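Please look over this structure and report on its strand pairing, its core, its ring contacts and its unusual backbone angles. Keep the report brief.

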Amino acid sequence: MTESKQVASNSAPEKEHFDLHTKGCGYLGRVRWVKPRGGGRRGEPFLACAINAVHGSVTEPAYTYFDLRVVGAECTELVERFKPDVQQDRKVFVSFRVGDIYPHLYYADVKDSETGEPGKEPRVIIKGRLLLLTHVKVDGETVFERPKTIAVQESAESIHQERNGTSG
């Protein structure tokens with residue numbers, strides 16, 4: 001155990017959990033403040049956005065849509081900063097890190113193509129938490145670049161390795 005972890009564990013119990021992080025790049029959209037129904041901690045308004053992530057071939061890219069809750073003061077400030085650009089339909093291209101993704105099932109109103117009868121169709125969207133923006137371009141011009149720093153990895157894997165005296 002490192003000295004800093006020993007001090008932290010002496011002052012407050014450390015919560016251990018597994019992180020699921022996804023890194024990528026894509027187009028920022030649908031920046032909005034959400035006011036949840038109900039009260040309590042979950043009743044607090046929060047900033048949300050969508051990222052249409054790009055993957056696959058550069059010549060024929062595929063897209064994956066993420067609906068995200070923005071977390072952290074720095075990330076919230078950055079997303080808010082580029083909200084007017086998104087609202088003006090400018091291309092806001094970001095490099096990002098998302099945490100704790102999960103599929104969310106919902107039903108969309110549709111009309112049957114043959115009969116025209118209204119109905120419901122199941123659809124899935126990927127939700128998660130937007131943790132970090134590392135690079136932002138607006139209409140092809142770089143407007144934000146996070147300085148490269150050496151990050152200390154405190155993932156569940158490194159905690160597991162330390163606890164069990166294993167590596168790799």
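The report below covers strands, core, rings and backbone in turn.

## Strand pairing

This is a predicted model. Strand E2 covers residues 46-56 and runs antiparallel to E3, with 9 bridges joining the two. E2 and E3 make a hairpin, and 4 residues lie between them. One facing pair here is His 55 and Ala 62, the latter in E3.

E3 also pairs with E5. That pairing is parallel and spans 5 bridges. Val 70 has Leu 130 of E5 as its bridge partner. Leu 68 sits opposite Gly 128, again in E5.

## E5 and its antiparallel partners

E4 and E5 run antiparallel and are joined by 18 bridges. Within this pairing, Arg 97 is matched with Leu 132 of E5. The hairpin of E4 and E5 has 6 residues between the strands. Gly 116 in that hairpin takes a positive phi near 80°.

E5 is also joined to E6, by 4 bridges, and these two strands run antiparallel. Val 136 faces Phe 144 in E6. The hairpin of E5 and E6 has 2 residues between the strands.

## The nonpolar core

Which residues touch the most other members of the largest nonpolar core? They are Leu 28, Val 79, Phe 96, Leu 130 and Leu 133, out of 23 residues in that core. Six elements are listed as giving two or more residues to it: E1, E2, E3, helix H2 (73-87), E4 and E5. H2 supplies the largest share, with 5 residues.

Val 79 shows how its surroundings are built. Setting aside neighbours within four places in sequence, Val 79 contacts Val 31, Leu 47, Cys 49, Val 70, Leu 130 and Leu 133. Two of these contacts, Leu 130 and Leu 133, are also among the residues that touch the most other core members. Leu 130 is the residue that bridges to Val 70, and Val 70 is itself a contact of Val 79.

## Aromatic pairs

The count of aromatic pairs is 2. In one, Tyr 27 and Phe 93 have ring centres 4.9 Å apart. Their planes stand at 65°, over the 60 degrees needed, so this pair is edge-to-face. Tyr 27 belongs to strand E1 (residues 21-34) and Phe 93 to strand E4 (residues 92-111), so the contact ties together parts 66 residues apart in sequence. Are these two residues buried or partly exposed? Tyr 27 is partly exposed, at 32% relative accessible area. Phe 93 is partly exposed as well, at 24%.

Phe 66 and Phe 96 form the other pair, also edge-to-face. Their centres are 6.1 Å apart, with 65° between the planes. Phe 66 lies in strand E3 (residues 61-70) and Phe 96 in E4, so this pair ties together parts 30 residues apart in sequence. Both rings belong to buried residues: Phe 66 has a relative accessible area of 6%, and Phe 96 has 4%. Phe 96 is also one of the core residues with the most contacts to other members.

## Charges over rings

Where does Arg 69 lie relative to Phe 46? Arg 69 lies over the face of the Phe 46 ring, 3.8 Å from its centre.

Lys 91 lies over the face of Tyr 27, at 5.8 Å from the ring centre. Tyr 27 therefore has two ring partners described here: Phe 93 through the edge-to-face pair and Lys 91 over its face.

## Positive phi at two aspartates

Most residues other than glycine have a negative phi. Asp 100 has a positive phi of about 55°, although it is not a glycine. Asp 100 sits in strand E4. Its relative accessible area is 31%, so Asp 100 counts as partly exposed.

Asp 139 is another such case, with a positive phi of about 50°. Where is Asp 139 placed? Asp 139 is in the loop between strand E5 (118-138) and strand E6 (141-145). That is the hairpin of E5 and E6. Asp 139 is partly exposed, with 45% relative accessible area.

Key
Residues numbered from 1 in each chain as written. Predicted model: local features only at pLDDT ≥ 70, side-chain atom pairs only at ≥ 80, totals over all residues. Heavy atoms only, no water. Phe/Tyr/Trp six-rings, centres within 6.5 Å; stacked < 30°, edge-to-face > 60°. Buried < 20%, exposed > 50% of the residue type's maximum accessible area, 1.4 Å probe, protein only. Lys NZ or Arg CZ within 6 Å of the ring centre and 35° of its normal. Pairing = 2+ DSSP bridges. Core = buried A, V, L, I, M, F, W, Y, C linked by side-chain atoms within 4.5 Å. Contact = heavy atoms within 4.5 Å.
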